[in-house]
Structure formats: C-alpha cells, structure tokens
Amino acid sequence: MAILLPLFIWWLIIEILGLAALPLAYRLFRNLPDRGYAFARPLGILLTSYVLWIGASFGFLRHSWGGIVFSILVVAVFSWWFYSRENRGLASFLRGNRRVVIANEVLFALAFVLFAIYRAYNPEIMGTEKPMEFAFLNAILRSDTFPPHDPWLSGFGISYYYFGYLMMAMLTRLSGVASAVAFNLAIALLFALTVTGAYALVYNLIQGAEERRSSGAREQGSRGAGEQGGRGDSVTRYLVPILGPLFVAVMGNLEAIFEVLYSKGLGSAGFWHWLDIKELVSRGQVTGRWFDLGGGWWWWRASRVIHDKDLLGNSMEVIDEFPFFSFMLGDMHPHVLALPFVLLALALALNVLRQGSRGAEEQRSRGAEEQGSRGAGEQGSRGAEEQRSKGAGFQYLISNIQLPISNIQYPIIYALCLGALAFLNTWDFPIYLLVVAMAYGMQRYGDYGKVNWALVREVACTAIGLGLLGGILYLPFYIGFQSQAGGVLPNLFNPTRLHQYLIFFGPFVFVVVGFVALVTKRLRAEVESRNLVSSGLNALFWTIFLPPLAALGSVALVMLTARGQAFLRGIMENEVVRQQIGGADWASLLRKLITIRLGNPWTWLFLALLIAWVLALLWRKLRSRIADSSTLFVLLIIATGLVLTLSVEFVYLRDTFGTRMNTVFKFYYQAWVLLALASAYGVYYIVKRARGLGRALFLGGVAVLVALGMIYPLAAGFDKAGGFAPEPTLDGLAWVRRHSPDEYAAVQWLNQNVPGTPVILEATGGSFTEYGRVSSRTGLPTLLGWGGHELQWRGSYEEPGKREPDINTIYSSLDSQHVLTLLEKYDITYIYVGPLERGKYSPAALAKFDRFMDVAFQQGNVTIYTRRP
C-alpha cells in the first residue's frame, strides 16, 4: 500500500493532464494516424508547467496547489477552444480506434507501475548527481515564484535548465507526496512516457507505410485506421511498434557481453588490450563462471565504452550513456527529463512531413466531421505559388507555414514545444529544431518540385522564426541563465576507434545498413542506377572533407580570440605535448596530429560513407515523388543521428571540462534515440519487403544482436536492484533513516518547521560527496554546496571562491564577533552541526555557537542553531 497509493495518485494526475490536452493534441497532430493520442500526456505536462512557470515568473500566479489547478484549467479551456474552432470528431475517433487507445493506456500503466516497483528496490537518493537533482526539486518546491533560488548558492537563482525539475515539482505539490518518494515516481514516469512516446512514433511510421501499401483499406476512412489494422494485421500494427520502446528505453549496448566473457576468463590479453574498454581489465573480476560478474559497479563501464587517451596514453573521461543506463541509475538529470519531450518534438516533425501527403489527406477526410475542414495538403498545393510570390520573412510564422497552419496558434505551439527543449536540456533544442525544419523543407519540396532559392529561403525563415519564437516564449529563463559553453574547439587527437563505436551502436548500425541496402535495391527499380551513384559520390565528397574542414575552421576561429590563442599556447607549452611531438613548433604538432588521424581513420570513413549513402537515398527518394513519408522520415533521422556521431570526431563544444566528454555524451544520447527509432521501423520494413535468404539472415542477425543487447538490462538491472532482496520502498531517504537517524530527524524537523527560504549554513566540500546534504534534502539555500557544479553552471568560480574561506571561518574561528559579522553579511538564519561538521572542525570551535545562538533542534550528534532576534 505504501507503494501503490502514491503510484495511483501520480497515474491519476497524469491521466487528467493528458485528458486536458487531448483535444489540442487531436487537432495539432492531425496528420498522424493516432492523432497524437500518446503525446497528449507530455503535451499536457509541458503546457501546464509553462502556464504555471510564466505566471509565477511575472507574479500572476503562485507556485501553489491552487496555482497548479488554475494552470490545468487554463490548458483544458485552451485545448477545447483550439479543438472546437476547426473540427470535431474526437469521440468518434476514439471509438473507431479503440485498439490503439487501449494499447497506449495499457503500455503506459504497465511501464509506470513496473518501473516504479523496480525503483522501489534501489530508491536511494545518494551517489552520482542525485543529491544535486534532489536539491533542485526541493528548492523549487520551496519557491512560490520563479526563478527558484539556488539551494547551493544562497542569494542566487538557479542557473541551469530547470524546466524538467519544475515539472516534477509541480506533480509533487499537486499530489501531496513527499519529495523523497516523488523523486523515484518521477523516474518511473519518465520511463513510461518514453516507452509510450517511442511506441507511438513507430506505430505512426508503420501505420503510414501500411496505408500506402493498402489503398483499399485507407479508403474505408470512417472505420478508423486503427480498426483496419486490427482486422488486417494486428501483429504488424500493434506488436511490432513495441520494438520502439525496446530499442530506445530497454536495450543496452553490447558492452555487457564482454563483461561476461572476461568474467569467464575467455579471450587473450592481446584481445582485451585491443578492445580497451575503460577499467574492464583493471577492475573487472575473473570468476570463471557465466554471468557472475563479481558484483560492484561493473555495469558503470557500459557508459564509458568510448575510451579517449592523452598523448601519453593516460585515460580521459568520456561519457556515453544510453537511456536504460540512465533510468536504471536513477539520476533525474536533464537529458532524462527531456526524453519524453524529445519524442514529442519528433512527433511534430513527422506531423509536418506528413502534411499534404495522400495518407494524411485521406485520414483527414474520415467521417462526416472532417468533410468541411480544409486539407493541409490542399492548402499546400493551392498556396505554393502564392507563397513563392510573397517572398520570405517572419510572416511565414503567421500565415504561410504549412505546419499545418491557418492561423498563428500553430507556430506558437510548435515553438512552445521546441523551445521547451532548451529549458529542459539546452543541447536538444538546435538538434530537433533542425529535424523539424528539414521535415518541413522535405514536405515543401513536393510543392516546389526542385530546390531553389525560394524554397531555401522559406525553410530558413521558418527555422529561424521558430527558433526566435521559441527563445522569446522562454525569455525569463535566458535572462538569468549563465553558461559554461565557450565556443567550438577542434578534436585534435582523439578519433573514436571503430570497434568501440560498434560496441555502442552495433545493433542499430546492423539494422540501418540492412534498411538502406533494401531501400537502395527497391529504388534502383525506380530510378537510374547512375543517378543514385552520382548522388552518393557527391554526398561522399562532402561527408569526407567537410568534417575536417570544420575542425580547421574551428582552429581558425579559435586563433582570432584571446581565449583561443591562450588555449593553443597551452597546448604548445604542455610538456607532455612537447615530448610527444619532439619540438615546440606548429609543424611538429601538425605532423603528430596527421599521424594520429591517418592511423585511425576508420570511424570517420565508415560514417562518411554511410551518411553519404543515406543522403543519396533521401535525395533520390524526394526527387522520385513516390516515397512514403515514413521512409523519408526514417532516412532523415538516420542521417541526423549519424551526423551527430561524426561531428564529435572533429569538433566539440568548449566547457569547463576541457575535453569532448560532454559533447560525446549529449550527441551520442540523441543519436541513440534517433537510430533506435529508425531501427525499429527498419526491422518492420525489411520483414515486410525482403524475401528469401537475405530476410532470414537479417532476422537472425537482429535476433542475435538484440539478445546480446538485452544482457545488459537483465544482468545490470538485477545487480543494481540488489538481486531484489531489499525491502521495497519508494522513499529515497529511507537509507538515511536507517543509517543516520539523527540526520534524518533533523531533516524532517527542518521540512516540517521551517517555512520559506531562510539560509542554513552547513560545511562545504567537493562535488560528488556527502556535503550539501542538508540543503539537498530540504531545499533550503546554503552558502555553498557543490562548488564544482556551481562552476559548471555559471562558468565562473568567483562567487563560490569568496564563500569557501568565509564558511571555514564561521565554523573554525573563535572570534564570535567576526562570526556574527559574517552571519549578518550572508543573512544566515540557521547553522547545522552534524557528523561532517564535527569531523572537519574542532569541538572548541563548534562549541562557540552555544554562546551567541539558540538551539533550535538537537538529537544525538546533530544540533541546529538559530540566530537570536
């Protein structure tokens, strides 16, 4: 009951939010076979959170239960108004598509419940970056207006993309569930939304392809596409899309099989040296038994497959997480919080691409309720010449963008959903803005019939307009946001080794190669082979030479700035570099870099060839005018995913880490999502269209690779849950109650008796330590929490650097007057003295607080002092 009641409350709230946004989703996703049913939930969460955030940012609303309910009502009213202005028929659609509705509801409930149960066996909010995420959640819960205060730097607002934490805080406050429980429910919810989003995208792709294959069934529009699929081929329509969530959210990379082989004692020393998975040999254990991996955090190594080294061969940190690792780890980090909304953005892109297609037009004509509406395809064909004559400009966002659009509401909603990605996980915004813009360009190409300046101008204006509008809608966030980003730097000496790339992406690469091979074979029957080859060679020229040119361009840009020149001087003055290049001149460095690149060009060349192949197919498919929107869309996201992984071979975004670690992390994560979705459709495509031995070999290969990929979630998931032996609970602080009852009692007292945001002082220490635990567990602002993270968020350590010595002075000084002066300076109300403080400072120094402060709480080795009036 302790698990089921909060689980039911959250499920009910999400259903209400989904229902509030369902009429809007039905009209917004008018070109998708499921009319956006599965995306109503994330859309409802996003819009409600936006109304609450913008209202609380400008003082119109309070972040309270009443403010949240009011926001839901605003979304529900707008949703119904938006739906009722143009068409009706939602009820008849739901009746005619009962199977897809039931499939989505069952899948969401199962994923939510099962993953919540899994979280109950390893719910601890400890280790990695959970304390940081918990601090943000609790700080937002204590904030009545926005921006919320920074719990680890009192007096400042959060300088981080915190929209996802706001969403989860909104659900926490609305449900009345304790934040320590809500933290784990949030992870389960994100998993469930990712599962249903991936399922819905693959369902829509397959349904769109099936409609093209079965024109007779498409014409029976009044009975509903979902019902047609149920009668014709239920397995294809409803079960094959399960590959979407399986590939995106459940399957792992292939690293686990090597853990198994190593633990069994198989493989020579030379093989393991060549494989070079970070710390596999140095920390892995040879047990001599299958699937006995020696315990510990062996599963962590799957997120460190790409192993970079400096010029002396020393390991460099590179992160290559994938979704199941993130969900299993339980970190509520922005890349996880953004996943359902990334899938929402992809659904918008697919909706754009299907605009004006025959399948979309026929779907829109289902039943009497659609007969009077203007078809978006008709708008496109009627308005193409008119748009070309009007010229390009921001007006495309108002009246001329076919998104579909007949008024300004559409671009605002698109910009609201896309712009939210910057507030959720900033790296995602330009990626999916580009995908939507490219989908729009491909759809408009059908009206223009060729690529000309008018088309390029229209697409560019649309992309820029949506980007600007997405920024304006979230302007309060940008005003207070500081970033560590410092431009683009060249990746000089860390090309990815191809076998490590394939360990990470291997199953998807296999399916993608099979898919593009079959598309090529079928396309050769429709266009001349020489045209296809010519397109491929043209694309190959750019994919081979453009990336290194981009790297050289970044070097040139770096040399134009003082910071860039200092960066290059630092490389040349580095003793390690000088030893390796045998001198201190640029020619020696250039020779060394060329040697490194020519010694390991295989990932670059492989990706260049594959991207060129995909781009050639995409271009020829567009020109042939016979491609279905599903195949075009899949080719688009394959190209995007591969380009993301190729880009980090040559450039990365400069940050406080000084390496490509974070860029690989962010780009590989999105590439995983894109290639996983493409692979799910690719399996369907090949199974439906291939024949004979080739089909059998492909299915056999997929089966083997999926089985190998499933080793990770099964083995790692079991170990991470402690073999399902612990007593299940969703309370992320239950471990504190067991192991540190005095600290647990102190946190409970603070949460129950201290309203608002008074400053509490606790000892400070490094990132990824226990320091900052009081502010994390209460949301109360402290003088300084994890200083290293503040540096990452703000790009400067100036303010934290000032505070560190003052914190030490307050705890260690025997000068009471000086301490009181510092308490006044930072407006500190409470001072926390617990085990960490007692271990760091002398008893005599800590005893001074008894002389000029009152004891607000005392239990065991924890004392909380408060300033006297």
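These questions and answers cover confidence, a hairpin and the nonpolar cores of a predicted model.

Residues are numbered from 1 along each chain as its sequence is written. Local features need pLDDT of at least 70 and side-chain atom pairs 80 or more, while totals for chains, interfaces and linings use all residues, and side-chain values use heavy atoms, without hydrogens and water.

Biologist: What pLDDT does the chain average?
Modeller: pLDDT is the predictor's confidence in each residue, from 0 to 100. Over residues 216-232 it is below 50. It also stays under 50 over residues 358-406. Still, 86% of the residues score at least 70, and the chain average is 87.

Biologist: Which residue in S8 is the bridge partner of aspartate 854?
Modeller: Helices (H or I, at least four residues) and strands (E, at least two) are DSSP runs, numbered from the N terminus. Strands pair if DSSP finds at least two bridges between them. S7 (residues 853-859) and S8 (residues 862-867) pair antiparallel over 6 bridges. In S8, the partner of aspartate 854 is threonine 866.

Biologist: Which helix gives the largest share of the largest nonpolar core?
Modeller: A nonpolar core is a set of buried (under 20% relative accessible area, 1.4 Å probe, protein chains only) Ala, Val, Leu, Ile, Met, Phe, Trp, Tyr and Cys residues joined through side-chain atoms within 4.5 Å. The largest has 250 residues, with Phe163 among those with the most contacts inside it. The largest share, 23 residues, comes from helix H8 (residues 179-213).

Biologist: How many residues are in the other core, with Leu153 and Ile807?
Modeller: That core lies apart from the largest one. Its members include Ile828 and Val833, and its size is 23 residues.

Notes: Contact means heavy atoms within 4.5 Å. Buried means under 20% relative accessible area, exposed over 50%, partly exposed in between (1.4 Å probe, protein chains only).
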